[in-house]
Amino acid sequence: MPKDMMQKKKVAYDISFKVYTPEDIQKQQDDLINEVNMILDISKEEAAILLRHFRWNKERLIEDYMDRPRHVLDAAGLAQSSRLPRLEVIPGFVCDICCEDGDGLESFAIKCGHRYCVDCYRHYLSQKIVEEGEAARIQCPADGCSLIIDARSLDILVTSELKERYFQLLNRTYVEDKDTLKWCPAPDCQNAVECAVKKKDLEKVVPTVACACQHRFCFGCNNNDHQPAPCRLVKMWLQKCADDSETANWISANTKECPKCNSTIEKNGGCNHMTCRKCRHEFCWMCMGLWSEHGTSWYNCNRFEEKSGTEARDAQAKSRVSLERYLHYYNRYANHEQSARLDKDIYQKTEKKMVQLQRESGMSWIEVQYLNSASTALQTCRQTLMWTYAFAFYLARNNLTEIFEDNQKDLEMAVEALSEMFEKPVTELADPKLKVVIMDKTAYCNKRRVILLEDTAQNLAEGRWSFSVDLTTPGPNGGSSSRR
Amino acid sequence: MASQKRISKELADCTENPPQGMRISLPNDSDLHKWHVTLEGPSQSAYSGGTFGLFVTLPPDYPFKTPQITFSTRIYHPNVTNDATGSICLGLLKPEQWKPATRIRSVLEAIRSLLVEPNPDDPLEARIADEYKNDRKEFEKNAKTYVTRYAKGTPKFEAVPAAAAGGSDGVGDSSTGRRAN
Ligand SMILES: [Zn+2]
Ligand SMILES: [Zn+2]
Ligand SMILES: [Zn+2]
Ligand SMILES: [Zn+2]
């Protein structure tokens, strides 16, 4: 089969990445160790120590080693001529940590000469290893001494019961030292993800990756998937929300008053189409406006009407407008976040009922999986919608904003429609006609999401959005690739 | 384990030859892990003329674990919480920076230097830090008012520092968690 036929169509916002299991990671390390072991003709243990010392940069290690082997071995604590680290009994020695002295007290020091008794050294190391999860970069215990304890010394000092944890931590350095590798941040997941995105690219792409465990996260900042908003915006937005949390607190409340009869209404599903139990008034939870205006071309719940500058002359009016503007976007952001959770709740409740329903209706487990797909689509789309509002908050108006808002509106309307169907009682869900409608709507939501993300990603890559804030990362931390 | 000998030695050293402007005492002679320190406000600082109390609590695993040190006297300072707990933000006292060979004496000396030269770039009280940076006069006025109000006469060691109740969690923990707005 020709190669290009096997590749599936790539969308603009896709980024290439690979997921590695713990076994893959072990094998990669072993391969590198074997390679260095052969090329430099040193033992595997020494090769491992050198590789860790060089942060797994094999090329640099080999180059440096060829240049000045003595220096390299020395720096990694492997120098043959210098005395190998060992425990010593020195007459008159007093340990500065425990203040013990006495004949036969074994002590140890690394190259700086700061000497402590072996018990104190071991206690210190076990605390670092067990409690702080540190292994490859533990400093000398002396006040103000930052010399790193080399691997050879650690090998001597680390007691057998700590060895396993110690090597586990050492193994982690392979992933942690490489800019292209990251641990999957999902709890209990042991996988690592490889992605070649560079820091300076983060103004142009949102590098979302998906681990084999299903967790989707941003390779740039480790947060949960935040497309279409670039990492810098996410950071600023989260900071802003934290700073303004009090102002915005009332929004995340689960109850509001009906705009018509003022009776209290509780939100217990993801859907924003609210109907007051008392007066049957139908309204939108987000903007509190009439719901009847939401299904039509008049829909503009997502859009913030910028007031003209002349209206807001004085500082007070300006700050009120800027607060209103923030609340508009924050309200919608927080609402989608909350709704995604509620949608998930509903699914879990529904799932139980579906088991029951299966028995009664004779639908197979496979046949009810469309609800699972709908639930996943709702959550993924709401996650995207949520971040479109942070994105929009920082967006400066230009000719592209309207297209963006239209895409946002289309996705939002589709999601709300699906959400509403999803909340139907189980007996109605069993209707095969509704099943088809839900499946269609699910596919439509996913399609709208792709369209929105493609559009935003493309414009981001081409630098066509203008933001009210600076997206470039401050400071010269662009790494080796930052050439002027 | 080993900590008893080390603590006795440090205590003897600190009582015989106390750090500048300080007096060390034990509230309970049988408990070497709790010290009371009386600190005179350094003459070249806004705290001159005040006398401050410090609680020193040494965890069971001292010196491998960070000592906990808090002010028992209210003090107006960017790096000390402006409340009854008197937590201090000091690099030396952060668990990840603590070294077992570091002496209580050096920590106490560092706290005294912090009174002479606050570190507004790593504040616990952001507002006071701002004031220190941008309106030094006002800061000094407020610091002096606090001295007059709280730090005259023999310091009281009444309040139980919140951190002293806990085991391993150091002052560093509470200070990182409390970074004010
Ligand atoms: Zn010792
Ligand atoms: Zn040293
Ligand atoms: Zn994972
Ligand atoms: Zn990111």
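H114(A) is partly exposed in this predicted model, because its relative accessibility is 30%. This histidine serves as a donor to the zinc ion (ligand 2) through ND1. The other donors are the SG atoms of C112(A), C140(A) and C145(A). Donor distances at this ion run from 1.9 to 2.4 Å. The four donor atoms make angles of 99 to 114 degrees, and the site is tetrahedral. Along the chain, the donor spacing reads C-x1-H-x25-C-x4-C. The site links distant parts of chain A through H114(A) and C145(A), 31 residues apart. H114(A) sits in the loop between β3 (106-109) and β4 (115-117). C145(A) sits in the loop between α6 and α7 (151-157). With a relative accessibility of 10%, C145(A) counts as buried.

The zinc ion (ligand 3) is held by four cysteines of chain A. Its protein donors are the SG atoms of C184(A), C189(A), C211(A) and C213(A). They lie 2.2 to 2.3 Å from the ion. Angles among the four donor atoms span 107 to 115 degrees, a tetrahedral site. The sequence spacing is C-x4-C-x21-C-x1-C. C189(A) belongs to the loop between β5 (181-183) and β6 (192-195), and C213(A) to the loop between β7 (208-210) and β8, so the pair ties together parts of chain A that are 24 residues apart in sequence. C189(A) counts as buried because its relative accessibility, 17%, falls under the 20% cut-off. C213(A) has a relative accessible area of 35% and is partly exposed.

Three cysteines and one histidine coordinate the zinc ion (ligand 4). C218(A), C221(A) and C231(A) contribute SG atoms, and H226(A) contributes NE2. The distances are 2.0 to 2.3 Å. The arrangement is tetrahedral because the four donor atoms subtend angles of 100 to 120 degrees, all within the permitted range of 85 to 135 degrees. For four tetrahedral donors the ideal angle is 109.5 degrees. The donor residues are spaced C-x2-C-x4-H-x4-C in sequence. Here C221(A) and C231(A) are the linking pair, ten residues apart. C221(A) lies in the loop between β8 (216-218) and α9 (231-243) of chain A, while C231(A) is part of helix α9 itself. C221(A) is partly exposed at 28% relative accessible area. C231(A), at 8%, counts as buried.

Chain A as a whole contains 15 helices and twelve strands. It has 484 residues, and 44% of them count as buried. Among its contacts between residues at least 6 apart in sequence, 61% join residues at least 24 apart. Y333(A) offers one view of the packing. This tyrosine is found in helix α11 (residues 315-361). Y333(A) is buried, with a relative accessible area of 6%. Residues up to four places away in sequence aside, Y333(A) touches W237(A), L238(A), M386(A), W387(A) and Y389(A). M386(A) is 53 residues away along the chain, yet its C-alpha atom is separated from that of Y333(A) by 4.4 Å.

Chain A also meets chain B. The contact involves 20 residues of chain A and 18 residues of chain B. About 1,500 Å² is buried between the two chains, with 52% of that area on carbon and sulfur atoms. Three salt bridges are counted between them. One of these joins the side chains of D96(A) and R103(B), with 3.1 Å from N to O. Twelve residue pairs are in polar contact across the interface, both residues being at pLDDT 80 or more. Helix α6 (residues 118-131) of chain A supplies six residues, the largest share of the chain A side that touches chain B.

Within chain B, T73(B) lies in the loop between β4 (68-71) and α2 (104-116). Its relative accessibility is 7%, so T73(B) counts as buried. A polar atom of the T73(B) side chain lies 2.8 Å from the backbone nitrogen of G53(B). Residues up to four places away in sequence aside, T73(B) touches T51(B), F52(B), G53(B), Y150(B), A151(B) and P155(B).

Methods
Residues are numbered from 1 along each chain as its sequence is written. Chains are lettered from A and ligands numbered from 1 in the order in which they are written. This is a predicted model: local features need pLDDT of at least 70, side-chain atom pairs count only at pLDDT 80 or more; totals for chains, interfaces and linings use all residues. Side-chain values use heavy atoms; hydrogens and water are left out. Donors are N, O and S atoms within 2.8 Å of the metal (3.2 Å for Na, K and Ca); water is not among the atoms, so sites may look incomplete. Four donors count as tetrahedral if all angles lie between 85 and 135 degrees; four count as square planar and six as octahedral if opposite donors are over 155 degrees apart and all others between 65 and 115; anything else is irregular. Helices (H or I, at least four residues) and strands (E, at least two) are DSSP runs, numbered from the N terminus. Buried means under 20% relative accessible area, exposed over 50%, partly exposed in between (1.4 Å probe, protein chains only). Contact means heavy atoms within 4.5 Å. Buried area is the accessible area (1.4 Å probe) that two parts lose on being put together, summed over both. A salt bridge is a side-chain nitrogen of Lys or Arg within 4 Å of a carboxyl oxygen of Asp or Glu. A polar contact is a pair of N or O atoms within 3.5 Å; within protein, one must be able to donate a hydrogen and the other to accept it, and residues adjacent in sequence count only if both atoms are side-chain atoms.
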